[in-house]
Each structure stands twice: as structure tokens, then as C-alpha cells.
Amino acid sequence: MDYKNFKQTNSKWARQDYSGETIAAAGCGPTAVADAVYHLDSSITPAKTAKWMQANGCACNGSGTYYSGIIKALKHYGYEGATQLNWTSLYGKSNAAVVKDFLSKIKSGEYVGIACMGKSIWTQSGHFVFIEKYDGKKITILDPYNTKSSCGNTTKAAWEKYVKYLFLIPKKLYMVKTTKKQVKVRVYHKIGKKSKIKAKLPKGTKIGIYKTYKGTKYKYGQIKYKGNNRWIVLKNTKKI
């Protein structure tokens, strides 16, 4: 499933309360999160993400969304590997290592991301946007508010000096639910002494699969467990 460019000004949710204001005025955070989550759940909307984020400490009253709130929401909706890449603003900088790393990962096709922009064509203060693609030249942005083509398609040079904070999201192939008690979480995609068991997942655990590997006996799925890449045997799960 693809990602979706929701608009915070959509009349279906524009007037919904968020962060002491409305989604239209301050809901770029939950809207960018909804853009990402749509890939996993096509029933998602900014109305749903905003309601959950407001109720779970992600909204900063009068100031939109906490940076930590973006990660908290992404993890809640299934992106366990989501992470904030920097804690000091990058605004005004060029060729920052963290930006190069971020764009390199987006270009690989295995990641998407969210960027908090500073004063620029995107915003007068602060604004979250969803970063969908980077082909080495053009950055494809799903902007929760702006409709100008220059806000949706840009270059590294035109974009990077206005970036404040970056959030990286590993892509998922699909979601599964464990169907067996104590599904083993392994270091490698094989069974044996070298593939240490790091944990056991209870029956009914919902988790994302990022990659698959077909072994000689079993098919394995790569998951994110406590920030690390781990593997489970897929015969002990079912797709949801």
C-alpha cells in the first residue's frame, strides 16, 4: 500500500480540537503521522491520529506536537523502529552528516521519514512534513498543509538548510500476529547455537515484518526488537 498526502485543512477534520487549537491550525504532526500509517492501515485519518496523540501526551498545548510525540505515535501505530536522528536544530546548516545519512536511507527505498521544517516556503515557524522519496536529485514531500508544487518536489540544496529535526521510519512489508505461545526472537535467520534467542513473544503479539528470508527449512521474517534487527519463523504467525 502506498502513502497518502492527507491535508490538515480537510473539512472532515479541520475543526477538530488538537493542542489547544485545531487540526487545521496545529495538526501537521498527526497529519504527517497519518501519511506514514496509511501504508499499514488504509482506514487511518488525521482525525484518528490527532485524537490518539492528544489523549496520550503527544500534543504540546498551543505549540502543535512534541518531537517525542511523533516517535511515540509512530511506534503506537506499528513503526517500532522509528527514531529521531537529531536533538539540536539543523536550521541554516548545509551538508550536515545527519542529513546526508537521512537522505541516503530514504534513497535506499527501505525508509521514509518526517522532517520538522523551520521558517521557509513551508512555514513561518515550525511544520512537520512527510518525506516519501529521494532519487538522488529530487525529494518527494507529502506536505500536510501546502499545495504548491515547490513544497512537494524539491532538491537537497533547496530543502536542507530549512530542516530543523529529522525522524527516520524503516518501511514495513506487512503486519503479522503470532499464533503460537512463546514465538522465539532470534539474532539470525536460522536455527542453531549461533542464532541466540533474545526473547519469546506471547501468542497474539502484533508486529511488523521488514524483510523476509527463505531458509532451507523455514521462512523467516525480520522484525524490530528493542531497536535491533531480529528474526522470527513466519510459520508461527499469520498476516493481518
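Me: Which way do strands β5 and β6 run, and how many bridges join them?
Reply: This is a predicted model, so take the geometry in that spirit. Strand β5 covers residues 127-134 and β6 covers residues 138-142. One bridge partnership puts I131 opposite I141 in β6. The two strands run antiparallel, and the number of bridges joining them is 4.

Me: What is the order of the strands in the open sheet, and which are the edge strands?
Reply: The sheet has 6 strands with antiparallel pairing, in the order β3-β8-β4-β5-β6-β7. An edge strand pairs on one side only. That description fits β3 (83-84) and β7 (153-155).

Me: Helix α2 packs on the sheet, but which strands does it touch, and what angle does it make with β5?
Reply: Helix α2 is residues 28-37. Its contacts on the sheet are with β4 (111-117), β5, β6 and β8 (163-170). Comparing its direction with that of β5 gives about 25 degrees.

Me: And helix α4, which strands does it lie across, and at what angle to β8?
Reply: Helix α4, residues 67-76, lies across β3, β4, β5 and β8. Its angle to β8 is about 10 degrees.

Me: What do α2 and α4 count as relative to each other, roughly parallel or roughly antiparallel?
Reply: Two packed helices are described by the angle between their axes and the distance between the axes. For α2 and α4, the axes are 10 Å apart and the angle is about 30 degrees. Angles under 35 degrees count as roughly parallel. The label for α2 and α4 is therefore roughly parallel.

Me: Which residues of α4 meet α2, and is the crossing left-handed or right-handed?
Reply: On the α2 side, the residues involved are G29, V33 and A36. They meet I70, A73 and L74 in α4. As for handedness, α2 passes α4 in a crossing that is right-handed.

Me: Where is T140, is it buried or exposed, and which residues does it touch?
Reply: T140 lies in strand β6. Buried means under 20% relative accessible area. T140 has 16%, so T140 is buried. Leaving aside residues up to four places away in sequence, T140 touches F130, I131, E132, K133, G152 and N153.

Me: How many salt bridges are there, and how far apart in sequence are the parts that E80 and K172 tie together?
Reply: The count comes to 4 salt bridges, and one of them joins the side chains of E80 and K172 at 3.0 Å, N to O. E80 is in the loop between α4 and β3, while K172 is in the loop between β8 and β9 (174-178). E80 is partly exposed at 24% relative accessibility, whereas K172 is buried at 3%. The pair therefore ties together parts whose separation in sequence is 92 residues.

Me: By about how much of a helical turn are K105 and D101 separated?
Reply: Their side chains meet in a salt bridge at 2.8 Å, N to O. K105 is partly exposed at 26%, and D101 is partly exposed at 33%. Because K105 and D101 are 4 residues apart in helix α5 (residues 97-107), the separation is about one helical turn.

Me: What distance do K211 and E110 have in their salt bridge, and where are they?
Reply: K211 belongs to strand β13 (residues 211-214) and E110 to the loop between α5 and β4, so the pair links distant parts of the chain, 101 residues apart. K211 is partly exposed at 37% relative accessibility, and E110 is partly exposed at 40%. The N to O distance in their salt bridge is 4.0 Å.

How values were computed. Residues are numbered from 1 along each chain as its sequence is written. This is a predicted model: local features need pLDDT of at least 70, side-chain atom pairs count only at pLDDT 80 or more; totals for chains, interfaces and linings use all residues. Side-chain values use heavy atoms; hydrogens and water are left out. Two strands pair if DSSP finds at least two bridges between them. Contact means heavy atoms within 4.5 Å. Axes are lines fitted to C-alpha atoms, for helices over the stretch in contact, and angles run from 0 to 180 degrees between N-to-C directions. Buried means under 20% relative accessible area, exposed over 50%, partly exposed in between (1.4 Å probe, protein chains only). Angles under 35 degrees count as roughly parallel, over 145 as roughly antiparallel, 65 to 115 as roughly perpendicular and the rest as oblique. A crossing is left-handed if the near helix is turned anticlockwise from the far one by less than a right angle, and right-handed if clockwise.
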